[in-house]
Amino acid sequence: MNKKWYLYVNALSSLGSRMNLIACSALIFTFEHSAYWMTAFFVARQLGGMLFSPLAGMLADRMDRRRTMIASDLGAGLAILAIAFYPTPYVLIAAAFLNGMLYTLFHISFQASLPQIFGSEQLVQVNGLKVRLESLVGIMGFMLGGWLTDHYGYTIVIALDAASFLFSAWILMKLRWEEKGDNALATSSDADIRGKAASGFRVTLRYLRETPVLLTISLLAFLVSLSTSAYNYGLPFLADQLHGSDATLHGLMWTAMSVGGLIGSYVAVRLQVKLVNGMLVAYAVFSVGIVGAFAANHAVAVLLLLIFAGLFSGAAQVYESTLLQQAQNELRGKVMGVQGLLSRSGYFAGFLMAPFLAGAFTLLGMLAFAQLMFVAGLIGFGLYLVISPKKSKSAS
């Protein structure tokens, strides 16, 4: 089977997840105290991922990564199916917690495998294709999820999501690949790291300290997630403000960001820029665009600004994934586990803060606060990389 099927499998899982987000949001709005349950839903998903990320990184390095992905897909499919049969708040929250764990294991195993399958020299192109596929399924998934939810109800959408994970597991069972060597982001202690990879977390932290680019990406993950959690929480309420409880508009908002991501991933592959600089600048412009979207008061303007924001988000994802995948193979899963822990911690903090900030100020105030923190972090990490050139290898 063609190796690119590996990327299509990931996109298939993403299709169901995007539809499921719209359906679960609509289901939550049927519960009493929906704002409380919306917060609990997002927090449970991130808490599961946050607690499991370090172990997921170790499993990705020590076990067959294909098998961990199969197990993740099977578990996620069954957990989502439980929501369709028992659409209660507690089942929804439990499934969100479990899926946070399983998604983290799948994502780390998936990302860590790409250099071995395709080779390091193709990582920018492969990550560009990956983001384009995810953007395409986002365009279809969010729009289709909103339309199906409005016309047929959330149950069928949740069932289709479960089916997509089970089908993904079946496809992965048929896939095989040979491991390839890859050129890691080297430091003076690479040989020592190879000899001590089994010592785990301590060696991983040492490796990150000696590799400023990877340390920056790992720490930045907290602020990226804090920023993302703000608009993840806010978009359903923004759609509700503009058009009442309209799942179709909510889906169109995510579709708009996916359209932008598709364009951005295409452009990012063709730009000759230093990867770190491209990532930092793209994230900064994205932050401005997302604030503009929440400041707009007309649905069309909101959608256009979300396309703009999505364009730079897509480019940043290509650069970030490529840099992260250059970590030493023996430690790549653990490095991604640390990054995943910080990322999920950012989501956890963000979803806890968002309701209070939105209540104390407005949706726009909550969003602007998160983006100001994000931009301040981007500036700080950019300055850190500038003043430590001797420790950091340039990425191109």
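**Close-ups of a cavity and a nonpolar patch**

**View 1. Residues around the second largest cavity.** Lining this cavity are L226, S229, A230, G350, M353, A354, L357, M366, F369 and A370. We're looking at a predicted model here. The space they surround comes to about 50 Å³, and a search of the whole structure turns up three cavities of 30 Å³ or more.

**View 2. Helices that build the cavity wall.** Zoom out a little from the side chains and you can pick out α9 (212–243), α13 (329–360) and α14 (363–387), each of which gives the lining of the second largest cavity at least two residues. Helix α13 chips in the largest share, with four residues.

**View 3. Chemistry of the cavity lining.** Sorted by type, the residues around the second largest cavity come out as eight nonpolar and two polar, with no charged ones. Among the lining residues shown are M353, L357 and F369.

**View 4. A nonpolar patch on the surface.** Now for the outside: L74, L78, L166, F167, W170 and M173 together make a nonpolar surface patch of about 560 Å². Two helices, α3 (65–85) and α6 (154–174), each bring at least two residues to the patch. The largest share, four residues, belongs to α6.

**View 5. M173, one member of the patch.** This residue sits in helix α6 and is part of the nonpolar patch along with W170 and others. M173 counts as partly exposed because its relative accessibility is 40%, which falls between the 20% limit for buried and the 50% limit for exposed.

Notes: Residues numbered from 1 in each chain as written. Predicted model: local features only at pLDDT ≥ 70, side-chain atom pairs only at ≥ 80, totals over all residues. Heavy atoms only, no water. 1 Å grid on protein atoms, 1.4 Å probe; cavity = no way out; pocket = protein on both sides within 12 Å on 5 of 7 lines; lining within 4 Å. Points joined across faces, edges and corners; volume = space filled by probe spheres on them. Nonpolar A, V, L, I, M, F, W, Y, C, P; charged D, E, K, R; others polar. Patch = residues over 30% accessible without salt bridge, like charges linked within 9 Å, V, L, I, M, F, W, Y side chains within 5 Å. Areas by Shrake-Rupley, 256 points an atom, 1.4 Å probe, with all protein chains shown as cover. Salt bridge = Lys/Arg side-chain N within 4 Å of Asp/Glu carboxyl O. Buried < 20%, exposed > 50% of the residue type's maximum accessible area, 1.4 Å probe, protein only.
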